[in-house]
Amino acid sequence: MKFFIDTANIEEIKQAHLRGWVDGVTTNPSLIAKTGKSREEVIAEICQIVKGPVSAEVLATQSEEMILEGERLSQIAENVVVKIPMTEDGLIAVRQLSEKGIKTNVTLIFNAVQALMAAKAGAYLVSPFVGRLDDVGTQGMELISQIVQIFSNYSLTTQVLVASIRHPLHVLESALIGADVVTVPFAVLKKLTSHPLTDKGLDQFLKDAGLR
Ligand code: E4P
């Protein structure tokens, strides 16, 4: 399973990259807005640090504008993946961009047939949002099981990127299900490495060695 970091914060990306946690990056308009910089500036900066896929989201909602915006974003760096919302216009853009060899990540997916239609249009990645489903009382991880099963049934090459991750259990369950990618906020990535018994055990070893 690949690990992407779900942030546009350059310092977080640098810190996570240093620790070997970053196979790619996902951004969205809300994350970009928090940086106070332009999307193009932030994406270019991220692509200098990370060589894996870096998702940059279009703001247009009409297919023709989405395609033009996607083409512009893809020119920032060769590892840019154009993020497109799961709408009919979005799928027109996905199909045309993928025919031009531009990779896409279809975002805001909340059921398995949306994921199937995005794959059919030629998406490179699909982003089902598990945390936002949990928030409304629906089991987000059940959606991941369904999509992984459907893509396996038909040998679809579109990768399942688990998004809207809120805690380590989302990561554990994604790995058990066999999702291709998880995109994880920095704060959750940090939680994945720690355990109180690790800290306690290390403390005892250092005490026994006379170092504490
Ligand atoms: C990433 O691709 C998504 O935009 C992101 O994971 C959404 O997360 P949120 O539901 O915590 O905003």
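# Close-up views of a predicted model

**View 1. Contacts of Ser174 in helix α9.** Once the neighbours within four places in sequence are set aside, Ser174 is in contact with Met1, Met141, Val162, Ala179 and Val182. The structure shown here and in the views that follow is a predicted model. Ser174 belongs to helix α9, and because its relative accessibility is 0%, the residue counts as buried.

**View 2. A nonpolar patch that includes Leu169 of helix α9.** On the surface, Leu169, Leu172 and Leu176 form a nonpolar patch, and together these three leucines have about 330 Å² of accessible area. Leu169 is found in helix α9, which spans residues 168–177. With 48% relative accessibility, Leu169 counts as partly exposed, whereas Ser174, which is also a residue of helix α9, is buried at 0%.

**View 3. The surroundings of the ligand.** The residues around the ligand are Asp6, Thr26, Asn28, Lys83, Phe129, Arg132, Ala163, Ser164 and Arg166. Three of the polar side chains are described here by their distances to ligand oxygen atoms. For Lys83, an N or O atom of the side chain is 2.7 Å from an oxygen atom of the ligand; for Ser164, a polar side-chain atom lies 2.7 Å from a ligand oxygen atom; and for Arg166, a polar side-chain atom lies 3.0 Å from an oxygen atom of the ligand. On its own the ligand has 350 Å² of accessible area, of which the protein covers 84%.

**View 4. Ala163, a residue in the loop between β7 and α9.** Ala163, listed among the residues around the ligand, lies in the loop that runs between β7 (159–162) and α9. Its relative accessible area is 6%, and Ala163 is therefore buried. When residues up to four places away in sequence are not counted, Ala163 touches Ser127, Pro128, Phe129, Val130, Gly131 and Thr183; of these, Phe129 is also one of the residues around the ligand. Ala163 and Leu108 are separated by 55 residues in sequence, while their C-alpha atoms are 8.9 Å apart in space.

**View 5. The salt bridge between Lys83 and Glu57.** Lys83, which also stands among the residues around the ligand, forms a salt bridge with Glu57, and the closest N and O atoms of this pair are 3.8 Å apart. The pair links distant parts of the chain, with Lys83 in strand β4 (residues 80–85) and Glu57 in strand β3 (residues 54–57), 26 residues apart. Lys83 is buried, with a relative accessible area of 4%, and Glu57, at 11% relative accessibility, likewise counts as buried. The side chain of Lys83 thus takes part in the salt bridge with Glu57 and also places an N or O atom 2.7 Å from an oxygen atom of the ligand.

**View 6. Helix α6 and the elements against which it packs.** In helix α6, which covers residues 112–121, the residues Ala112, Ala115, Ala118, Ala119 and Ala121 are buried. The buried residues of α6 pack against two helices, α5 (88–99) and α8 (140–153), and against two strands, β5 (104–109) and β6 (125–128). At the start of α6, a side-chain oxygen of Asn111 reaches to within 3.2 Å of the backbone nitrogen of Val113. After α6 comes Gly122, a residue with a positive phi near 110°.

**View 7. Salt bridges of Asp203 with Lys207 and of Arg39 with Glu40.** The structure holds nine salt bridges, among them the two pairs described in this legend. Arg39 forms a salt bridge with Glu40, the closest N and O atoms of the pair being 2.9 Å apart. Arg39 counts as buried at 15% relative accessibility, while Glu40, at 36%, counts as partly exposed. Asp203 forms a salt bridge with Lys207, where the closest N and O atoms are 2.9 Å apart. Because Asp203 and Lys207 are four residues apart in helix α11 (residues 196–208), about one helical turn separates them. Both partners count as partly exposed, Asp203 at 23% relative accessibility and Lys207 at 43%. Elsewhere, salt bridges that share partners join Arg39, Glu40 and Glu69 into one network.

Note on methods
Residues numbered from 1 in each chain as written. Predicted model: local features only at pLDDT ≥ 70, side-chain atom pairs only at ≥ 80, totals over all residues. Heavy atoms only, no water. Patch = residues over 30% accessible without salt bridge, like charges linked within 9 Å, V, L, I, M, F, W, Y side chains within 5 Å. Areas by Shrake-Rupley, 256 points an atom, 1.4 Å probe, with all protein chains shown as cover. Salt bridge = Lys/Arg side-chain N within 4 Å of Asp/Glu carboxyl O. Buried < 20%, exposed > 50% of the residue type's maximum accessible area, 1.4 Å probe, protein only. Near = heavy atom within 4 Å. Polar contact = N/O pair within 3.5 Å; in protein donor to acceptor, adjacent residues only side chain to side chain. Contact = heavy atoms within 4.5 Å.
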